[in-house]
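Visitor: I would like to go through this model with a few questions. Please show it first.

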Amino acid sequence: INVTNAYAGSLAWSNFFSRLTHAHPGRVVWMVFNTGIALVLMEMNVFGALGHVLGLYANVAIAWMMAVVADLVINKPMGWSPPGIEFRRAHLYDINPVGVGAMGIASLLSVVAHLGAFGPLAQAFSALIALVTAFVASPLIAWATQGRYYIARRTIPILAVPAAASTDGAYRRLQTCCICEREYETPDMAMCPAYQGPICSLCCTLDARCDDLCKPDARLSAQWTAALRRLLPRRMWPQLDAGLAQYLLLMGLLAPGLALLLAVVYTQTARSLGEQAATLAPMLREGFIAAYLLMLIVAGIVAWWLVLAQQSRLAAQEESNRQTEALFREIESHRRTDEQLQTAKHEAERAMQRADAANGAKSRYITTISH
C-alpha cells in the first residue's frame, strides 16, 4: 500500500512541479522523494493521527466531487458552462472560480464543522455540509460568471490534409509535436502561436519562454492582479505590477498553510501528552505560536525572494526576446539587402548584355557599310 501510494504521490508531485517550475526530471525522482516523505512521517508517528487527517481530507474530496457533479448535471444543461469538456491546458484558465470557488467554500465550511466549531450535530454531518454546499455553490458561481472562465481562447483547428493522404478520414489521426517531434492524437494537441505549430501538453507545460502567449489574460498572475484591481484603489495599481500582487498571493497561500501544518502537529502532540496535556497546554500553545510567527517571517522573506527571482527571470526573458527579435530583424534586413544586390547584379548583367548586343549590331553595321 505504501509503495502504491508513493507512486500515486509521485504523479501528483510531477504534475505540480512541472507546472510550477517548468521542469520534468522524471517520475522516478518524485517517487523516491515521496517515499522519503512517507518514511519521515512514519518515524514521526504522524500516522497515529491518520483517522483525523482522513476525516479532513474526506470533506475536501466530497466538496471536489460534488462541484464536478453539479457542473455536469446542472451547469451544462443550463448553458452556464460549455457543452464539451476541455482538458487541454492551452485552452483553460489557470483558475476557474466555478470549481475552485465551490470546492473552497464547501471545504472550508465542512472542515470547520468537522472540527466542532458549529456544534456536535454539524460535526457529525460535516460530510453532508460539504456535499450540499458544493452542489449549490457551483451553479450559483457559474450563473454569476456566465461561464466565461471555462475556455481561455478560441480553438484553432489543426490543418487538415487531403483524405487520400490519410487512412482515418479527412484529418490525420496523429500529429507531430513541433518541439519534441513525437506523435500524439490530434484531439490531444493544441496550436501554439509562439512556435506556429501543434504542441503536446507536456511541452506546453514545460515551456517557460512563451509566458502563455496563447492566453495572456488567463494566467493565475493576471487573474489575481485583475481581482486585486477591483478591490484596491487605482493609486496602488503600479505597486501591484511591481510584484506586490505576486507577494500577496504567495503569502495568502503560505500563511494559512503553515498555520494548518502547525495546528495538526500541535493537536497530535497534545494528544500524545495524555493526562499532562491540561498542565502543559498553555506553554505548548505559546511555543507553537512563537514558532509560527518565526516561520511566518522566514516565509515572508522567502516569498519576496521568489517574487524578485521571478521578476528577474521575466526581465531576462524579455531582454532575450528583444535581442532575438533584433537578430531576426537584422537577418531579415540582410536578406532584403542580399535580394536587392542580386537584383542589381541581374540588372547590371542584363545591361551589359544589351550593351554587348548594341556593340555587336554597330560593328555589323560598320562592316556592312565598309563592304
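Visitor: Does Val73 count as buried, partly exposed or exposed, and what is behind that label: which class applies?

Guide: The model is predicted. Val73 is found in helix α3, which covers residues 50-78. Buried requires under 20% relative accessible area and exposed requires over 50%. Because its relative accessibility is 48%, Val73 counts as partly exposed.

Visitor: Which nonpolar surface patch includes Val73, and what is its area?

Guide: Val73 belongs to a patch with Trp64, Met65, Val68, Val69, Leu72 and Ile85. Residues of a patch need over 30% relative accessible area, and Val73 has 48%. The area of this nonpolar patch is about 660 Å².

Visitor: What radius of gyration does the chain have, set against a compact globule of 371 residues?

Guide: The C-alpha trace spans about 135 × 50 × 50 Å along its principal axes. A compact globule of 371 residues would have a radius of gyration near 21 Å. The chain has 32 Å.

Visitor: Which element gives the most to the largest nonpolar core?

Guide: The largest nonpolar core has twelve residues, among them Ala90, Ile158, Cys177 and Cys214. β3 (190-192) and α7 (201-206) each supply at least two residues of this core. With three residues, the element that gives the most is β3.

Visitor: How are Arg322 and Glu319 placed in helix α10, and how far apart are their closest N and O atoms?

Guide: Arg322 and Glu319 are three residues apart in helix α10 (residues 277-370), so about one helical turn separates them. Arg322 is partly exposed at 45% relative accessible area, and Glu319 is partly exposed at 34%. The two form a salt bridge, and their closest N and O atoms are apart by 2.7 Å.

Visitor: Which residues are linked in a network of salt bridges?

Guide: Arg335 and Glu339 meet in a salt bridge of 2.3 Å, N to O. They are four residues apart in helix α10, so about one helical turn lies between them. The network links Glu332, Arg335, Arg336 and Glu339.

Visitor: Is Arg88, which forms a salt bridge with Glu86, buried or exposed?

Guide: The closest N and O atoms of Arg88 and Glu86 are 2.9 Å apart. Glu86 is partly exposed, with a relative accessible area of 22%. Because the relative accessible area of Arg88 is 16%, Arg88 is buried.

Conventions: Residues are numbered from 1 along each chain as its sequence is written. This is a predicted model: local features need pLDDT of at least 70, side-chain atom pairs count only at pLDDT 80 or more; totals for chains, interfaces and linings use all residues. Side-chain values use heavy atoms; hydrogens and water are left out. Patches are made of residues with over 30% relative accessible area and no salt bridge: like charges are joined within 9 Å, nonpolar side chains (Val, Leu, Ile, Met, Phe, Trp, Tyr) within 5 Å. Accessible areas come from the Shrake-Rupley method with a 1.4 Å probe; for residues, only the protein chains shown count as cover. A salt bridge is a side-chain nitrogen of Lys or Arg within 4 Å of a carboxyl oxygen of Asp or Glu. Buried means under 20% relative accessible area, exposed over 50%, partly exposed in between (1.4 Å probe, protein chains only). The radius of gyration is taken over C-alpha atoms; the globule rule is 2.2 Å times the number of residues to the power 0.38. A nonpolar core is a set of buried Ala, Val, Leu, Ile, Met, Phe, Trp, Tyr and Cys residues joined through side-chain atoms within 4.5 Å.
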